[in-house]
Amino acid sequence: MNILLLLIPLSLLFLAGAVWVFFWAVNHDQFDDLETPGLLPLDDLDRRERPPQ
Amino acid sequence: MQSCPNCWHCGEPLPAGGVIHARVAGTARPMCCHGCKAAAEWIEQLGLADYYALRTAPAQRAAAEAGSASHDAWAGADNARHVIRDLGNGQRESLLLVDGVRCTACVWLIERSLGVMPGVVSVQVNAVAQRARVVWRDSQTTLPLLLQALARTGYRALPLDARGLDDLRRRESRDALKRLLVAGFGAMQAMMYATAFYLGAADALDAPTRDLLRWLGLLVATPVVFYSARPFFAGARRSLAARRVGMDVPVAMAIAAVYSMSLIEAVRGSGEVYFDSVSMFVFFLLAGRYLEMRARHRARDLTDALARLTPPFADRKGEDGIQRVGIHELRVGDVVRVAEGGIVPADGVLLSERCRVDESLLSGESAPQSRCRDDSLIAGSVLEDGPVLLRVRRVGADTALAGIAALVGRAHAGRPRLQVAGELAAGRFVARVLALTALTAGAWAIVDPSRAFPAAVAVLVISCPCAFALAVPAALTRALGALARRGVLVVKPDAIQALADCTHVLFDKTGTLTEPTLSLRDVQTFGSNTDALRLAATLARQSRHPVARAIAAADAGIPGAAMCDVATHAGLGVSATIDGRALRLGRGDFAVAHQPLAREYDDAVLLADDVGPIAAFRVSERLRADAGTAIDALRAQGVTALIASGDATNKVAGIAARLNISTWRARALPADKLAWVAELRAGGARVLAVGDGVNDAPVLAGADVSIALAEGAELTQASSDIVLTGGRLEAIAYARDIARQTLAIVRQNQRWALIYNLSAVPLAALGFVPPWLAALGMSLSSLGVILNALRIGRGVPPRETPHPSPPATTAPSEAVA
């Protein structure tokens, strides 16, 4: 059972890491718009030169 | 390919004569109007013609006067301060509400077309919310230029208050997501530590390990209770402060009781701990609320978009005529002109003789109020007949915004009856649950004190009224979202119930069953009047009726004509004195009241002065492509379709015959239509009114439920329960399907919640249910309600319009000429 003393702190560490990463993502606009980024691949279809204004 | 009867850009049927073409990607494409032609050519010029290949829905019809003066009004410092955020180092940011974002290719097109402009730093488009966030360098471009560029591409855009709503809402959804995640992780971990106990391994564990597991449970459950569950405590405190028993009260009590009891057990090092139960309880509750919040935001994005498109501009009268300015530029003492159906932009005093205004937004009084010269008008009220002049007395962002905010707010402020009833039921239920909990605790304290606490907690948790309280809002928000995606915007959520129950649909003809834009077919003059059309066009500009607009569009009118005594007569026509001549434009019996006219002028619009008729105008109209299928679909649902129109008998009869509608009334004034609605309702019918023009406002208000087509005058939108965007009549039958499904699911949900509680609570009170099982049961019952609500809109076939996608997929016969 001594292995618990290693595994439990490890799992808590992972947990804290996951929460931190997730909070970072939420605070950096990653979850604000879940639909539009799906359209970004459309960019690849733009093969033309940008015209002068 | 060229036989395609629809406009290449917007997909609308082409006008009968004089089709124009634009070259797109080397091919000449037919265009319905100059607005679309300009937009298509501009898109081609930018090298973005791929848009037409990428899109999945036709574009919105482009406005003809792209780059009109209204954009320049945003240049004023007063307006700019409101909508532009200064990011420092010469960069500015604005949030634009873009009307007409219909498919994913629009996002691409907007980002590209703005992106190539010099000085534009970044463009982010959110297709669902119809918003674009633009950052630009102040030295190289300006907001009016950006708006103009969007207008040239065919999108109407309106800058939103830069600090407003969105940040608040973004914070709400971010907070909810974080709380949900913390609760989820916490529940997961706590469950892991608790599994050892549940599997009976506890006996095999030595005491220190058991203690360790208890403390670890405490460690992970603490942030769940103190961070994730905070909204429940806050909600409970609020409802207790208001002396009510909301659904948060038992939830907060259960969380607090289970947590503190487990804490005591952990410290004492004996007995059961329920850290896993409490974490799971919080997690599932938050999950339900999160789903509900997302559906709510989504529905609100779309209804907001509509309400906000009401232009925040006013027509100010200065020395050099009438000028369009931003509402914030108005000063006390300015004279402002308000058109029929327009919204009074600021508090002021009426300068014209008299008018009628609808102040229902502000006072709740639905009957229009009469106002005479020198009476005051309130910002935000809607002018029923006009145009009128008023002198501004109170301005400032407060008044002007109050008017707009009233429009937005009204859509959301009123809580649906269905929901109020649901909440009342839940409230009574909560009171009973609390009583039952106390009874259980009391009874067990006598029988077996050691089991009193677990049993009481189980009762509290298992009967948490979440399933009850969620039954209505979950279904409603889901329905609103499903409808909004189909272009049906529900302004008053009560409408869903009424829509499901309706038995008769009363259609207006002009602009509803037929296309909103008419065109002038021919002009017949009496005698040698050469400027008849110009006079008529000048007069017609005073009205928003579709026929008037067709005449106004045919000629520029007389610029700067000395016009006085302007009055619009609902259902009849317009009268005014131009250059000393008293002129009337409208129905034959209105324009030429004192002499009988030949029957052939029955369906014509006449221009007359005091001497006699000057000219007769005939406009042609076109049935909407989906009118037939829409009415067939409604008929299949057992709904009776009716037509009430102010138009000539033979025209109405023709349309009715084509749509197989046997009951119709022609030559009906608004009062006649209203009387008919009252008659139908007296006969036990539930009437849905569908309309478009200003003439319909009273009918829409008088029916059980009303639908306005979004192109209609602002007035109609203001008084209808549901707004249909895109002019797709077929969506009505779909909306009714959804409404019926919603009601069915609400009833199902309520029944399910009742059965669950009736069967589970006695077991819990008798002590057969451990708290963890209670938490699981409660969560599953709420989740069941939400998942059931999510079925709304899934089972209903979408009844997709065979939408005129550009290459000839639409049979020519569908666009009835």
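In E24(B), Gln524(B) has Ala616(B) as its bridge partner. Let's start from that pair and work outwards; keep in mind that this is a predicted model.

**Exercise 1. Find the sheet around Gln524(B).**
Task: Work out how E19(B) and E24(B) pair, and which strands stand at the edges of their sheet.

Solution.
- Step 1: Take the two strands. E19(B) and strand E24 (residues 613-620) of chain B are joined by six bridges, in the antiparallel sense.
- Step 2: Widen the view. The open sheet has six strands, in the order E19-E24-E23-E22-E21-E20 (chain B), and its pairing is antiparallel.
- Step 3: Look at the ends. Strand E19 (519-525) and strand E20 (563-569) of chain B are the edges; each has a single partner strand, so one side of each is left without a neighbour in the sheet.
- Step 4: Check the twist. On average, neighbouring strands of this sheet are turned by 15° against each other, direction ignored.

**Exercise 2. Follow strand E18(B).**
Task: Say which strands flank E18(B), and which way its residues point.

Solution.
- Step 1: Place the strand. Seven strands make an open sheet in the order E17-E29-E28-E27-E18-E25-E26 (chain B), with mixed pairing. So much for the middle; at the edges are strand E17 (488-490) and strand E26 (664-665) of chain B, each pairing on one side only.- Step 2: Go to one neighbour. Strand E18 (residues 504-507) of chain B runs parallel to strand E25 (residues 640-644) of chain B, and four bridges join them. Across this pairing, Val505(B) stands opposite Ala641(B), and Phe507(B) stands opposite Ile643(B).
- Step 3: Go to the other neighbour. E18(B) also runs parallel to strand E27 (residues 687-691) of chain B, again with four bridges. Here Leu506(B) has Ala689(B) as its bridge partner.
- Step 4: Sort the directions. In a regular strand, side chains alternate between the two faces of the sheet. On E18(B), His504(B) and Leu506(B) point one way, while Val505(B) and Phe507(B) point the other way. Those four residues are all buried.

**Exercise 3. Compare two helix packings.**
Task: Decide how H9(B) and H8(B) each lie against H10(B), and which residues make the contacts.

Solution.
- Step 1: Begin with H9(B). The axes of helix H9 (residues 230-241) and helix H10 (residues 248-268), both of chain B, come within 8 Å and cross at roughly 130°. That angle makes H9(B) oblique to H10(B), and the crossing is left-handed.
- Step 2: List the touching residues. H9(B) brings Phe232(B), Phe233(B), Gly235(B), Ala236(B), Ser239(B) and Leu240(B), and H10(B) brings Asp248(B), Val249(B), Val251(B), Ala252(B) and Ile255(B). By class, the contact of H9(B) with H10(B) has eight nonpolar, two polar and one charged residues.
- Step 3: Turn to H8(B). Helix H8 (residues 207-228) of chain B packs on H10(B) at an angle of about 155°, with the axes 10 Å apart. Angles over 145 degrees count as roughly antiparallel, so H8(B) is roughly antiparallel to H10(B). The crossing of H8(B) and H10(B) is left-handed.
- Step 4: List this contact too. From H8(B) come Arg214(B), Trp215(B), Leu218(B), Ala221(B) and Val225(B), and from H10(B) come Ile255(B), Tyr259(B), Leu263(B) and Ala266(B). They divide into eight nonpolar, no polar and one charged.

**Exercise 4. Track down two positive phi angles.**
Task: Locate Asp374(B) and Asn660(B), and decide whether each is buried or exposed.

Solution.
- Step 1: Read the angles. Asp374(B) is not a glycine, yet its phi is positive, about 75°. Asn660(B) isn't a glycine either, and its phi is positive at about 60°.
- Step 2: Find the places. Asp374(B) is in the loop between strand E13 (369-372) and strand E14 (376-377) of chain B. Asn660(B) is in the loop between helix H23 (649-658) and E26 of chain B.
- Step 3: Count neighbours. A residue is exposed if 12 or fewer other C-beta atoms lie within 10 Å of its own. Asp374(B) has 9 and is therefore exposed; Asn660(B) has 11, so Asn660(B) is exposed too.

**Exercise 5. Sum up chain A.**
Task: State how many helices and strands chain A has, and what percentage of its residues count as buried.

Solution.
- Step 1: Go through the secondary structure. Chain A has one helix and zero strands.
- Step 2: Check burial. Of the 53 residues of chain A, 0% count as buried.

Technical notes
Residues numbered from 1 in each chain as written. Chains lettered and ligands numbered in written order. Predicted model: local features only at pLDDT ≥ 70, side-chain atom pairs only at ≥ 80, totals over all residues. Axes fitted to C-alpha atoms, helices over the stretch in contact; angles between N-to-C directions. Parallel < 35°, antiparallel > 145°, perpendicular 65-115°, else oblique. Left-handed = near helix turned anticlockwise from the far one by under 90°. Contact = placed C-beta atoms within 7 Å. Nonpolar A, V, L, I, M, F, W, Y, C, P; charged D, E, K, R; others polar. Pairing = 2+ DSSP bridges. Buried ≥ 20, exposed ≤ 12 C-beta atoms within 10 Å, placed from the backbone.
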